[in-house]
Every structure is written in C-alpha cells, then in structure tokens.
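Please open the model in your viewer and keep the selection panel at hand, since this tour moves from one selection to the next.

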Amino acid sequence: MCIRDSTQRQTGRGDYGSGLSPTESSWAAGGVVFAGVLMLMNGVLAIFQGISAMAKDDVWANLDDYVYKINLTGWGVILICLGALAVATGVGILKGATWARMTGIFLASLSMLAQFLFLPYSPVWSIVMIAIDFFVIWALAVYRPGAERRNA
C-alpha cells in the first residue's frame, strides 16, 4: 500500500473524482482559458487572412498547379466563415458554456484541415496555426469542468 492510498482513505477523496490530481486539474483549467483565448484570436486572424485572400492581395502566392482546385476567393470565404464561428466559440469557452467545448474541438479540427490545405499559399503561417489548433484540441479534450470544485 502506498502513502497516496492511505491519504485518499483518510480524506475520502478517492482518485480525485476525475482521475486528475489537483495540480493536473488546475493545469487543465488554465489550459482551457488559454484555449478559449487562442480560439478567439485564431478566429480573428482567420477572418483577416480570409479578407486578405479575397482582396487578391500580393501576399499570397499564385499557384497554378495545386491539387485542390479552389481559388483564393474560395479560400477567403472558407476562412472568414471558420473564423467567425471560432470567435463565437472562443467567447463561449471563456464564458464556460458546455456546448463550446465540443464545438471548439470540432472547429479546431476543421481549422487544422483548412490550414493543411492552405499550406502551399503560406507554409510557415499554416504550420503555426496547425500547432495552435492542436493545443486547443488538447486543452478542451482534457478539461473536466467539475474537477477543481471536487478537489478543493
């Protein structure tokens, strides 16, 4: 028998309710707030990226032989729509809405896919955004909303 088992029996907390230690649950709670902010900012940046693509800026490379046949205006519309949904979901995550976690995971997955398809136009930016989307998915997936209250 380890010390943790006897401590758990004395305090009656068992396995911390969700299987997370207090430190792990506080990391997840902080991570979900950070994920909400990242989701909000990711949405705003996607809107700007979409506007820039629709304006036919010289920022984006003009690709003639790209496997996915969609022009920059099409990408702009896709990015603006995903960005607007991400902003609304980021606000929902920061307010603690339960619907926002699953929606956030879904939208971050869609954003990750869209950024992968946007790689030829802006490779470095797309890789950075894919990494941010990965963190958002992780933070929203591991967060258990009632874990901090049970551990206090």
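Start by selecting Ala 108, a residue that is buried, because its relative accessible area is 1%, below the 20% under which a residue counts as buried. What you have on screen is a predicted model, and every value in this tour is to be read with that in mind. Ala 108 has its place in helix α4, and if you add Phe 135 to the selection you will find the two C-alpha atoms separated by 9.2 Å, although the residues are 27 apart along the chain.

Before going further, it helps to take in the whole protein chain, which has six helices and zero strands, so that a cartoon view read along the sequence follows the pattern α-α-α-α-α-α. If you colour by accessibility, buried residues make up 36% of the 152 residues in the protein chain.

Next, select residues 98-117, which are helix α4, together with residues 123-142, which are helix α5. Their axes lie 9 Å apart and the two helices pack at an angle of about 160 degrees, which means that α4 is roughly antiparallel to α5, the angle being over the 145 degrees that this description requires. If you turn the view to look through the pair, the crossing of α4 and α5 is left-handed.

Keep α4 in place and replace its partner with residues 72-95, which are helix α3. Here the packing angle is about 155 degrees, again with the axes 9 Å apart, and therefore α3 is roughly antiparallel to α4. The crossing in which α3 passes α4 is left-handed.

Now return to helix α5 and select Asp 133, which is found there. Is Asp 133 buried or exposed? With a relative accessibility of 0%, Asp 133 counts as buried. Adding Gln 115 to the selection gives a second pair to examine, with their positions 18 residues apart along the chain and 9.6 Å between their C-alpha atoms.

Stay in helix α5 and move to Trp 138, which is also found in this helix. Trp 138 is partly exposed, because its relative accessible area is 42%, a value that falls between the limits of 20% for buried and 50% for exposed. From Trp 138, extend the selection to Ala 35, which is 103 residues away in sequence and yet 8.9 Å away in space, taken from C-alpha to C-alpha.

The next stop is Leu 38, whose place is in helix α2. Leu 38 counts as buried, because its relative accessibility is 17%. Select Ile 132 as well, and the C-alpha to C-alpha distance comes to 7.3 Å for two residues that are 94 apart in sequence.

For the last selection, show the surface and pick Val 33, Val 37, Met 41 and Leu 94, which form a nonpolar patch with about 320 Å² of accessible area together. Which helix gives the most to the nonpolar patch? That is helix α2, residues 22-54, which contributes three residues. Met 41 is a suitable place to finish, as Met 41 lies in helix α2 and counts as partly exposed because its relative accessibility is 42%.

Methods:
Residues numbered from 1 in each chain as written. Predicted model: local features only at pLDDT ≥ 70, side-chain atom pairs only at ≥ 80, totals over all residues. Heavy atoms only, no water. Patch = residues over 30% accessible without salt bridge, like charges linked within 9 Å, V, L, I, M, F, W, Y side chains within 5 Å. Areas by Shrake-Rupley, 256 points an atom, 1.4 Å probe, with all protein chains shown as cover. Salt bridge = Lys/Arg side-chain N within 4 Å of Asp/Glu carboxyl O. Helix = DSSP H or I, 4+ residues; strand = E, 2+ residues; numbered from the N terminus. Buried < 20%, exposed > 50% of the residue type's maximum accessible area, 1.4 Å probe, protein only. Axes fitted to C-alpha atoms, helices over the stretch in contact; angles between N-to-C directions. Parallel < 35°, antiparallel > 145°, perpendicular 65-115°, else oblique. Left-handed = near helix turned anticlockwise from the far one by under 90°.
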